[in-house]
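Student: Please take me through one part of this model up close, and then set that part in the context of the whole chain.

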Amino acid sequence: MERLDHFMARAIAAYYARPASPFGRAGDFTTAPEISQAFGEVLGGWAAVSWELMGRPHPVLLVEVGPGRGTLMADALRAVGEVAAPFRAALRLHLVETSPALREQQRRMLGDAVADWHEDLATLPAGPMLLIGNEFLDALPIRQFIRRDGGWRERHVAEGRFVEEPTEMALPTEAPEGAVQEVGEAAQAVAAQLARRLATQGGAALFLDYGPAESGFGESLQAVRGQATGLDPLADPGSADLTAHVDFAALARTARAQGAAAQGPLPQGLFLQRLGLMTRAAMLARARPRLAGEILSGAERLVAAEGMGRLFKVLALCDPRLPTLPGFESA
């Protein structure tokens with residue numbers, strides 16, 4: 001028997017260690033960079049403008065956590081190379097990736113643009129930093145607690161099923177019978193680590209992921225395989241991607257407690273439209289008329305409320321001395 005977060009960590013590590021790529025239509029799931037090249041391009045623009053607001057430090061670390069195949073960063077670097085040459089010259093690209101198979105794909109995609117790879121945030125060089133994490137936090141392990149008989153019990157996993165054990169975790173006392181409380185300690189640890197660094201060394205971290213804007217009860221653990229959801233997350237560990245909704249409000253509270261500022265969360269659709277994603281998609285469609293329909297529908301999927309525009313949120317953690325970052329105006 002093991003705690004759910006320990007089970008998840010082991011299963012997720014096994015899943016991403018496989019040689020087969022999980023990304024794209026032929027894989028298990030499709031992320032925003034695979035849907036529209038405009039996504040990575042406008043995030044590159046976001047980083048370039050944020051660098052200006054930081055006072056144009058040279059050099060500056062550009063970091064991606066969970067970079068997948070390197071698609072987002074390839075699009076971002078191409079865009080900033082065309083429209084923000086000083087930022088392109090100043091940035092030093094570092095990728096946080098634990099999977100050898102994905103590192104090889106990133107190496108093929110990005111080549112010499114990558115200064116170095118890292119197992120975790122702790123080994124990143126010191127200095128001002130801009131960090132991007134798209135669908136990174138949702139793949140971090142969570143703990144689950146369930147309300148029973150006026151108290152809370154924690155879910156463990158034994159022989160492919162949940163087992164409830166006593167817990168001393170301090171949780172809300174006002175909760176209905178059977179309510180599930182998810183706690184993302186791993187994500188909160190990332191937020192705390194980044195917040196301490198950003199508050200002292202400068203910069204910003206941008207996270208795009210799915211989950212509610214406010215904390216609350218609910219069960220969101222899911223397994224994804226072959227573009228299908230609704231699978232048993234406890235069955236055949238390592239064969240499917242395990243994810244859970246991100247508690248953005250908890251991450252913002254954690255960051256502020258460590259001395260950083262938090263901007264957002266706000267809906268991804270609003271954020272991307274403010275960055276000009278649909279305008280960029282229209283330009284791409286005009287340049288490739290045969291693919292215009294696919295280009296525009298992909299961009300629409302990222303911003304539409306019925307697509308990814310509402311469920312996905314965007315949160316920035318940053319140096320408290322920075323002004324409002326691009327996309328967060330009046331958020």
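Tutor: Happy to! Helices here are DSSP runs of H or I with at least four residues, strands are runs of E with at least two, and both are numbered from the N terminus. The expected span of a helix is 1.5 Å times one less than its number of residues. This is a predicted model, so local features need pLDDT of at least 70 and side-chain atom pairs pLDDT 80 or more, while totals for chains, interfaces and linings use all residues. Residues are numbered from 1 along each chain as its sequence is written, and side-chain values use heavy atoms, without hydrogens or water.

Let's take helix H1, residues 4-16: its 13 residues should span 18 Å, and its end C-alpha atoms are indeed 18 Å apart. Leu4, Asp5, Phe7, Met8, Ala11, Ile12, Tyr15 and Tyr16 of H1 are buried, meaning under 20% relative accessible area with a 1.4 Å probe, protein chains only. Down the axis of H1, these buried residues fall within an arc of 150°, so they line one face of the helix; the arc is that of the directions from the helix axis to the C-beta atoms. An α-helix has 3.6 residues a turn, so residues three or four places apart point the same way.

Now for the whole: the protein chain has 12 helices and 15 strands. Of its 331 residues, 55% are buried. Its C-alpha trace spans about 60 × 45 × 35 Å along the principal axes.

Conventions: Buried < 20%, exposed > 50% of the residue type's maximum accessible area, 1.4 Å probe, protein only.
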